[in-house]
Amino acid sequence: MRRFLLAAAGAAFVLAAAPASSRDLTIVSWGGAYQDAQREVYFRPFSQATGIRFVEDSWDGGIGVLRTRIQSGNNTWDLVQVESEELLLGCEEGLFEKLDYSRIGGRDHYLPEAVHDCGIGTILYNFVLAWDKDKFQGTPTWADFWNVERYPGKRGLRRGVKLNLEYALLADGVPANQVYDTLRTEAGVERAFRMLDRLKPHIVWWQSSAQAPQILGAGEVLMTSSPNGRITNANRTERRNFGIQWTGSLYTIDSWVIMKGSPNVESAYRFLSFASNPAVQAKLIPLIPYGGPAKGANEGLSPALLAESPTNPANLSVSLMIDDQFWLDNLDKLSQRFNAWVAR
Amino acid sequence: MAHVAAIETGKAAAALARRARRAGYGQKVSAALLVLPLLLFVLVAFAAPIGAMLKRGVEDREVAPVLPRTIGALSGWSGTALPDEPVFAALVEDLREARAAGTLPSAASRLNHDQAGLRTTLIGSARRLAAPFEGPAREAVLRADPAWGQLETWGALARARGPWTDFFLLAALDLKRDAAGTIRAVAEEQAVFRTVFGRTFWIAAMVTAITLVLAYPLAALIALSRPAVASALLFAVLLPFWTSLLVRTAAWMVLLAREGVANHALVALGLFGAPQQLLFNRFAVVVAMVHILLPFMVLPLYAVMRQIPPIHLRAASSLGAHPVSAFRRVWLPQTLPGIGAGCLMVFIQALGFYITPALLGGGADQMLPYFIGFYANQTVNWGMAASLSLLLLAATLLIVGLYGQLVGFGAVRTS
Amino acid sequence: MSAIRLAWWVVGLAVAVFLVAPLLVIVPLSFSDGSFLHFPLPGIGMRWYRAFFSSDFWLTALWNSLTIGIASTIVATALGTLAAIGLWLAVIPGASAIMAVLLLPLVVPAIITAVALTFAYAPVGLASTHGGLIIAHALLASPFVVVTVGATLSQFDRTLLRAASSCGAGPVTAFRRVMLPVILPGVVAGAVFAFATSLDESVVVLFLAGPSQRTLPRQMFAGLKDTIELTILAAATMLVVLSLVLMLLVRFLSARGEARRP
């Protein structure tokens, strides 16, 4: 018995201490329902087709997380899905590998706005205002979102400076096409923070996208900002009755990047190549309505799917594209101010 | 004869003592050898990393190697007017070289911690100044980014000259040196750490006070009731004590959710008209922390109370003392060591809480540890993480040391 | 007097209920057939336990928790027991300073440990490995072993060792045949403490572990941040049961230790 115990303990030790020198391809995305859909459409079929094993992780965004990983030398990520300003900042700072488009179908294979030196677009989507139709009749605007006197209840917002300054100005009556011009002035930033000040006691912050439909469904908030797909997904799979306000939503593209110095660059390219197939990309929309970046991925949608899709011209025309250049220039400064503001 | 015997005895005694000493010495060596592995393990794998991390709080070695000429040229700068042409020329050279070598990001990061936006300035200027230009460097640099026309930009460079700095420690107290070296308060919209320190100590104190009030009657009940009752009550203390902190935090999330058990029960009982928001606020953080730390207060109190002979109370009341005054005069003083030990353990653990506020609190309920994690993981501001750690560790050790001085660690044995 | 007594009993019992209530809530909820977070349960079943045992994420986390727990327990128990014996054997110069260093992992706030170890282990390739996490957990657990074994040794009769050596036993034999059987309950109790420490540890693992080292607490933390699924409560319930077993084990061992004492 004692021998057996010793042997078992020894085996456990050896197994546990085995070095992870040749780690599997690590793919990092936004978690929750979206990553579940990606696993179904991309990760597992890719692994089955190529025999390449993969590990998943999820994150909540933030260029600082990527900077920390590269600078500390403790980077375990290979392929990461990043937001547009993270793509630009990280590319300039050398956090990502430069992409060789000849290995993933050439630049012409994709919509022009999805192509970048360091990353290839993976989804087109909107950050929308969402609410529970069972608890709120009508279609709220950002002005209503800020109007807690008229519509008492908590509000969900993403913990970060991007998105919220835009929403604040929209709620304060700034026309969508002037939002970034206003934010480029000191007075515009002040105005946005003053609006946020007013709402602050009523805000419940979410960090991971999965939290947005969660706090809405649990009734912790009356309305929340959210990526559009999570809301539609909750309606479909949890039979929620959530509404989406496309007007005043913020439209953007997320991209895949390969982290600098990744030991799995080969496998990463094979994944990107697999994922670039428009027929594969088209399978994502029925699971979660995010548009694909390969030409042809968003064609032939049924009217029901089209109505919920960010690529629907009717939805596109009322939404505002996130200004990456503005955030490239101002993210550091405004993040610091926001972080101090939110912690007080 | 007696004399000889005495000498013989003396010799024997000396030999015996020698052997004993040798044995004692040998025992010391083997004792040291037994302790050594763990001691080395803790020193190398724990103490050294902690020391190295704390050192980052006073160290500043990121800018000078990347911009050596600029830092050198700035050495005699007064900080009251823009530097001269040679400094600008040195900057241009440094930026070109650093950009080619790819070393700019770490220096840009460091300067950005001093003044948000400087990362963009540095990296953007390097890009714009990469191509050769005509005329004085000063004009070209100012054209590349107007921020170089501000005193504070150069102040940030001068402050980051290294190798040692008080920048991060000052920042942890919402203070900063200006370009001329005078210490001033940071802009109001950036000030946050004094609030955070105050909040951390306030939450820890509140949690300590509440646990004391709750633990005292329970500990007394356990100490004074029949063995069967006592062991049942003790079980109620020990089970949560052994249960994972994360499990208990999860339990409170479920209990306090809008559609959770507490709200449902309160509405069903008619206490609330509609479910209330009980999560993501200070209330949730304090309740969960009290729950998690309560056993650390009950156990030392119980350990002390168990030692007090019940006869003392009875004696006091039979002598005519009012029960309240008997408690105050006889019982309470004897439990003081337990109160001290319990408060110490609860308070210093509360100071270090990370998981519970992160999951149950809102933005304004985060304590010092959250900010240490934030600066270490989500911005690359390791100096800030280190200086905040330094202050937290100093506070913890100070309280432990003070307690050791005033009360002594032998006052109570908890088992 | 009796009013005071009654109030005292009510308050004391209420606090005891407060202590166990959260645990008594999550255990039944984990056996729910539905997905609500409140009572009454729509039905009783093993739905969430099936979900746990059919999820790659949870099973990997369970496996990681157990292997890292066992390995770090072995390291902490071996080193901690030797050190406790050393400290008991003779008064070494600087013993109290040594003791302070050995207890350091207990005093330093977890977040500082987490950040410092991550910074230090990354350059030597130990961050985001099982080995690094085992070392970290062994460090955090070792003070419990030192203290527990030390407490048992304070009851140990020194003359027994001298008797053994005068009977011609070498130090190793004396340790195995004479000392170990007596202090074994303390050593095992220390090991149980060490294992429980590793099993519960939730801050260092957040910083030091990579995606391949997710343990149960880390997986629970990630889950709680997103959606509160009842699978988390199934995992929590299993951890409660495990804690209960470990706790009873220590109580049993310490009772045996007491019984041995003259």
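I started with the overall size of chain A in this predicted model. For 344 residues, a compact globule would come out near 20 Å in radius of gyration, and chain A has 22 Å, which agrees. I then took the spans of the C-alpha trace along its principal axes and got about 70 × 55 × 40 Å.

Next I looked at the make-up of chain A. I counted 16 helices and nine strands. Buried residues account for 53% of the chain. Of the contacts with a separation of 6 or more, 73% join residues 24 or more positions apart.

Then I turned to the domains. The assignment splits chain A into domain 1 (24–124 + 253–316) and domain 2 (126–252 + 319–343). Their centres, over C-alpha atoms, are 24 Å apart.

How many residues of each domain are in contact with the other? I found 19 from domain 1 of chain A and 20 from domain 2 of chain A. On the domain 1 side, α2 (32–50), α4 (84–92) and α15 (313–316) of chain A each give two or more residues. Helix α4(A) gives the most, with four. By class, I sorted this side into 11 nonpolar, four polar and four charged residues.

Last, I checked where chain B meets chain C. The contact takes 68 residues from chain B and 69 residues from chain C. Which helix of chain B supplies the largest share of its side? It is α1 (residues 2–55) of chain B, with 21 residues. I also noted the classes on the chain B side: 52 nonpolar, 13 polar and three charged.

Conventions:
Residues are numbered from 1 along each chain as its sequence is written. Chains are lettered from A and ligands numbered from 1 in the order in which they are written. This is a predicted model: local features need pLDDT of at least 70, side-chain atom pairs count only at pLDDT 80 or more; totals for chains, interfaces and linings use all residues. Domain bounds come from an automatic or database domain assignment. Two residues are in contact if their C-beta atoms, placed from the backbone, lie within 7 Å. Ala, Val, Leu, Ile, Met, Phe, Trp, Tyr, Cys and Pro count as nonpolar, Asp, Glu, Lys and Arg as charged, and the others, Gly among them, as polar. The radius of gyration is taken over C-alpha atoms; the globule rule is 2.2 Å times the number of residues to the power 0.38. A residue is buried if 20 or more other C-beta atoms lie within 10 Å of its own, exposed if 12 or fewer, and partly exposed in between; C-beta atoms are placed from the backbone.
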